[in-house]
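Could you walk me through this model in the viewer, stop by stop, telling me what to select and what is there?

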Amino acid sequence: MTHGVCIQSIVPMRAEPGHRSEMVSQLLFGDLFEITERQNEWIRIRTDYDNYTGWVVQAQCHATEIFEFEKLKRDSYNVCYDLVGIIEADQPFPIVLGSYLPFLNKETFNIGNRMYAYKGAMRNTDKCIRTPAKLLEDAYMYYNAPYLWGGRSPFGIDCSGLTQMIYKLSGIKIQRDAAQQAEEGRQVHLLEECVQHDLAFLKMKKAISYIREY
C-alpha cells in the first residue's frame, strides 16, 4: 500500500528515520499522506495537505488502499473545533484542535475496519465564514500554547505551524514552513493596505519585510 492516514492523536514527523532525529512537523489525527519510502519500522511520507515530507513510525499510522484514501480525502473538510476532543474507538482517546474528521453530519465513521465516534464541536472548513475577525478569534484558541519546534497543536506549536493551523480552521491552505508561506499569496506593498489576517515576514540578510495576503 502506498497511502495512509494518521490514526493517533499526534505523531512526530522526523528529518531522518530515527527517534533521536529532529522533529520537523507533526501529523494530527485524520491527516492523509503518500508513502514514498520504507526503512525497517519507519516510512517516509509526503502529506496530502501541504506536500511536506518526513519520517514516521509505521505502526502509528494506518495504511490504506487507494479507494479508501480517495474517500477519506473527499470527506476531510471537517475538523475538530475543540482544544481537545474525544474520539471513542476500542478505548477513548484525545484529539486536538484542527484534526480532520472524515464525515459530515454523523457521529460515527470508519477508517479501515475500525469504527470511531466523535460528539464534540467540529467545523466544516468548506462552508465556514472567512473573515479577518474570525481568523483572529481562531488564533486566540492557541493563546498560551508553548513553543515547540515542529509542533502543530495547542500542546506545543511553532510559528509557521501556528499560522498554518489558524488558516486551516478557515479552510485556507498555506504551506508548512515560513519560507514557503512567504512565497504564497499576494504581496502587500503599502503598510496602509494591511488588514488583520495578513502575515508579515522578515528576510534577515537584507532586513526586508514582506507582508502577504492570502
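Is Glu 137 buried, partly exposed or exposed? Glu 137 counts as partly exposed because its relative accessibility is 45%, and the cut-offs for that class are 20% and 50%. Before going further, keep in mind that this is a predicted model.

**Stop 1: a pair within helix H2**

Keep Glu 137 selected and add Lys 134, its salt-bridge partner, with the closest N and O atoms 3.3 Å apart. Both sit in helix H2 (residues 132–139), and because they are three residues apart, about one helical turn separates them. Residues three or four places apart in an α-helix point the same way, because there are 3.6 residues a turn. Lys 134 is partly exposed too, with a relative accessible area of 21%.

Next, select Asp 31, Arg 152 and Lys 168, which are joined into one network by salt bridges that share partners. In total, the structure holds eight salt bridges.

**Stop 2: pairs that link distant parts of the chain**

Now select Glu 34 and Arg 46, whose side chains meet in a salt bridge at 3.1 Å, N to O. Glu 34 belongs to strand E4 (residues 32–39) and Arg 46 to strand E5 (residues 42–47), so that this pair, 12 residues apart, links distant parts of the chain. Colour by accessibility if you like: Glu 34 is partly exposed at a relative accessible area of 33%, and Arg 46 is partly exposed at 30%.

Move on to Asp 48 and Lys 73, another salt bridge, with 3.4 Å between the closest N and O atoms. Asp 48 lies in the loop between E5 and strand E6 (53–57) while Lys 73 lies in helix H1, so the pair ties together parts that are 25 residues apart in sequence. Here again the two residues are partly exposed: Asp 48 has 25% relative accessibility, and Lys 73 has a relative accessible area of 37%.

**Stop 3: two asparagines with positive phi**

Select Asn 40, in the loop between E4 and E5. Its phi is positive, about 55 degrees, although Asn 40 is not a glycine. Most residues other than glycine have a negative phi. Asn 40 counts as exposed, at 77% relative accessibility.

Then go to Asn 51, in the loop between E5 and E6. Asn 51 also has a positive phi, of about 60 degrees, without being a glycine. At 53% relative accessibility, Asn 51 counts as exposed.

**Stop 4: the largest pocket**

Which residues lie nearest the centre of the largest pocket? Select Tyr 49, Ser 76, Tyr 77, Tyr 100 and Lys 173 to find them, out of 27 lining residues. Strand E3 (23–28) and helix H1 (66–74) are the elements that give two or more residues to this lining. The largest share, three residues, comes from E3. The pocket has a volume of about 360 Å³, and its lining has nine nonpolar, seven polar and 11 charged residues.

**Stop 5: the cavity**

The structure holds one cavity of 30 Å³ or more, with about 30 Å³ of space in it. To see what surrounds it, select Val 5, Gly 30, Leu 32, Leu 72, Ser 76, Tyr 100 and Pro 102. By class, that lining has five nonpolar, two polar and no charged residues.

Pause on Leu 72, which lies in helix H1. Leu 72 is buried, with a relative accessible area of 7%. If you want a distance across the model, pick the C-alpha atoms of Leu 72 and Cys 194: they are separated by 37 Å, and the residues are 122 apart along the chain.

**Stop 6: helix H3**

Select helix H3 (residues 159–168), which is largely enclosed by the rest of the structure because eight of its 10 residues are buried. The buried ones are Ser 160, Gly 161, Thr 163, Gln 164, Met 165, Ile 166, Tyr 167 and Lys 168.

**Last stop: a nonpolar patch**

Finish on the surface with Leu 83, Val 84, Ile 86 and Phe 155, which form a nonpolar patch with about 370 Å² of accessible area together. Leu 83 sits in the loop between strand E8 (78–80) and strand E9 (84–88), and at 42% relative accessibility Leu 83 counts as partly exposed.

Methods:
Residues numbered from 1 in each chain as written. Predicted model: local features only at pLDDT ≥ 70, side-chain atom pairs only at ≥ 80, totals over all residues. Heavy atoms only, no water. 1 Å grid on protein atoms, 1.4 Å probe; cavity = no way out; pocket = protein on both sides within 12 Å on 5 of 7 lines; lining within 4 Å. Points joined across faces, edges and corners; volume = space filled by probe spheres on them. Helix = DSSP H or I, 4+ residues; strand = E, 2+ residues; numbered from the N terminus. Nonpolar A, V, L, I, M, F, W, Y, C, P; charged D, E, K, R; others polar. Patch = residues over 30% accessible without salt bridge, like charges linked within 9 Å, V, L, I, M, F, W, Y side chains within 5 Å. Areas by Shrake-Rupley, 256 points an atom, 1.4 Å probe, with all protein chains shown as cover. Salt bridge = Lys/Arg side-chain N within 4 Å of Asp/Glu carboxyl O. Buried < 20%, exposed > 50% of the residue type's maximum accessible area, 1.4 Å probe, protein only.
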